[in-house]
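Morning, everyone. I have one structure to walk through today, so let me put it on the screen.

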Amino acid sequence: MNCEVCQLKELEVENFEIREVLRCILHTIIFHRALGLVRPKDIDSELFEITYVQCGDPELEKKIEEKIDQFIGWVEKHPNKKSQICLSFFEVKNKQASWFTNKTERLYWEQWYINLNVVHPKPHSGKSHHSKAIVDPGESALEERSIRRAALEASLREVLFQIIKFVNEKKDHIPPVPNLEGVTFPYEITIPSSSDSSFGMDMFKRMLQTGHPTMLN
């Protein structure tokens with residue numbers, strides 16, 4: 001089965017920015033894979049001058065928030081590590097395992113990799129060795145932060161455009177709409193587990209199960 005893979009551009013974020021960045025990205029992807037009648041809801045980001053769309057489904061919002069909480073918990077235990085979240089869409093197929101039992105199988109048809117580099121801001125000392133002019137360290141730190149925030153916002157916009165470009169160009173692999181009570185195709189959000197290697201192994205096993213996906217930049 002053809003599984004399309006989209007590797008999203010890596011974003012450099014601080015801890016307090018993770019939640020808003022992931023909300024923007026996850027809701028945007030899921031909205032574009034929504035089924036049937038949804039009640040689109042425009043959301044103004046709390047941190048960025050960006051508006052994104054949610055499906056207007058409380059259950060879906062709850063699941064996304066839970067996964068973000070889990071991911072933030074993982075980041076706190078593994079500081080200064082690059083990390084990846086995978087949002088996968090799949091079909092559920094029944095497969096006869098033996099004469100008496102049926103086994104359900106997940107066939108992955110699309111995977112999105114969200115790449116984050118979580119950084120800690122450097123503490124600023126009050127001394128400036130390079131300039132004789134007296135610079136208020138608080139002011140220069142604020143200026144640096146606003147430059148960094150503007151750069152992150154621009155990169156986040158790029159990622160949202162990358163998502164829209166992908167969904168507009170890649171349509172042939174989408175399976176028939178399932179007869180399901182659901183806002184979106186069946187999906188799962190995978191975050192790193194306590195040991196990074198097992199996360200890598202899970203992904204490797206999944207790729208073996210689904211065949212080699214087509215890589216896209």
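Let me start with a question: does Phe48 count as buried or exposed? Look at where Phe48 sits: in the loop between β3 and β4. Now the answer. Phe48 counts as buried, at 3% relative accessibility. The cut-off for buried is under 20%, so Phe48 qualifies. One caution before I go on: this is a predicted model.

What does Phe48 touch, leaving out residues up to four places away in sequence? The list is Glu20, Val21, Arg149, Leu152, Glu153 and Leu156. Take Leu156 from that list. Phe48 and Leu156 are 108 residues apart in sequence. In space, their C-alpha atoms are 9.2 Å apart.

Stay with this loop for a moment. β3 and β4 form a hairpin, and six residues lie between them. β3 covers residues 41-44, runs antiparallel to β4, and is joined to β4 by four bridges. Asp44 stands opposite Thr51 of β4.

Next, the side chains of β4, residues 51-54. In a regular strand, side chains alternate between the two faces of the sheet. β4 shows that alternation. Tyr52 and Gln54 point to one face, and both are buried. Thr51 and Val53 point to the other face, and they are not buried.

Now the whole chain. How many helices and strands does the protein chain have? Four helices and seven strands. From the N terminus, the order is β-β-α-β-β-α-β-β-α-β-α. The chain has 217 residues, and 40% of them are buried. Take the contacts between residues at least 6 apart in sequence: 76% of those join residues at least 24 apart. The exposed surface is about 13200 Å². Carbon and sulfur atoms supply 54% of that surface.

On to the core. The largest nonpolar core has 44 residues. Which members touch the most other members? Ile25 and Trp112. Several elements give two or more residues to this core: β2 (11-14), α1 (18-32), α2 (58-77), β5 (82-96), β6 (102-119), α3 (137-169) and β7 (187-190). α1 gives the most, with eight residues.

There is also a second, separate core, with six residues. Cys3, Val5, Phe90 and Tyr108 are among them.

Back to Trp112. Again leaving out residues up to four places away in sequence, Trp112 touches Cys6, Leu8, Ile29, Ile85, Cys86, Leu87, Phe89, Ile163, Phe166 and Val167.

That brings me to the aromatics. The structure holds five aromatic pairs. I will show two.

Pair one is Trp109 with Phe185, and the geometry is edge-to-face. The centres are 4.9 Å apart, and the planes make an angle of 75 degrees. Why does this pair tie together parts that are 76 residues apart in sequence? Because Trp109 lies in strand β6, while Phe185 lies in the loop between α3 and β7. Both partners are hidden: Trp109 is buried at 0% relative accessible area, and Phe185 is buried at 6%.

Pair two is Trp112 with Phe166, also edge-to-face. Here it is 4.7 Å centre to centre, with 65 degrees between the planes. This pair links distant parts of the chain. Trp112 is in strand β6, Phe166 is in helix α3, and they are 54 residues apart. Trp112 and Phe166 are both buried.

One more aromatic point. Phe89, Trp109 and Phe185 form one aromatic cluster.

Last stop: a polar residue. Asn115 is in strand β6. Is Asn115 buried or exposed? Asn115 counts as buried, at 13% relative accessibility. What does its side chain meet? The side chain of Gln7, through a polar contact of 3.1 Å. A polar atom of the Asn115 side chain also lies 2.9 Å from the backbone oxygen of Leu8. Gln7 and Leu8 are among the residues that Asn115 touches. That list, which again skips residues up to four places away in sequence, also includes Lys9, Glu10, Leu11, Ser83 and Gln84.

To recap. Phe48 is in the loop between β3 and β4, and Phe48 is buried. Ile25 and Trp112 touch the most other members of the 44-residue core. Asn115 counts as buried, and a polar contact joins its side chain to that of Gln7.

That is my tour. Thank you.

Terms used
Residues numbered from 1 in each chain as written. Predicted model: local features only at pLDDT ≥ 70, side-chain atom pairs only at ≥ 80, totals over all residues. Heavy atoms only, no water. Core = buried A, V, L, I, M, F, W, Y, C linked by side-chain atoms within 4.5 Å. Buried < 20%, exposed > 50% of the residue type's maximum accessible area, 1.4 Å probe, protein only. Contact = heavy atoms within 4.5 Å. Areas by Shrake-Rupley, 256 points an atom, 1.4 Å probe, with all protein chains shown as cover. Phe/Tyr/Trp six-rings, centres within 6.5 Å; stacked < 30°, edge-to-face > 60°. Pairing = 2+ DSSP bridges. Polar contact = N/O pair within 3.5 Å; in protein donor to acceptor, adjacent residues only side chain to side chain.
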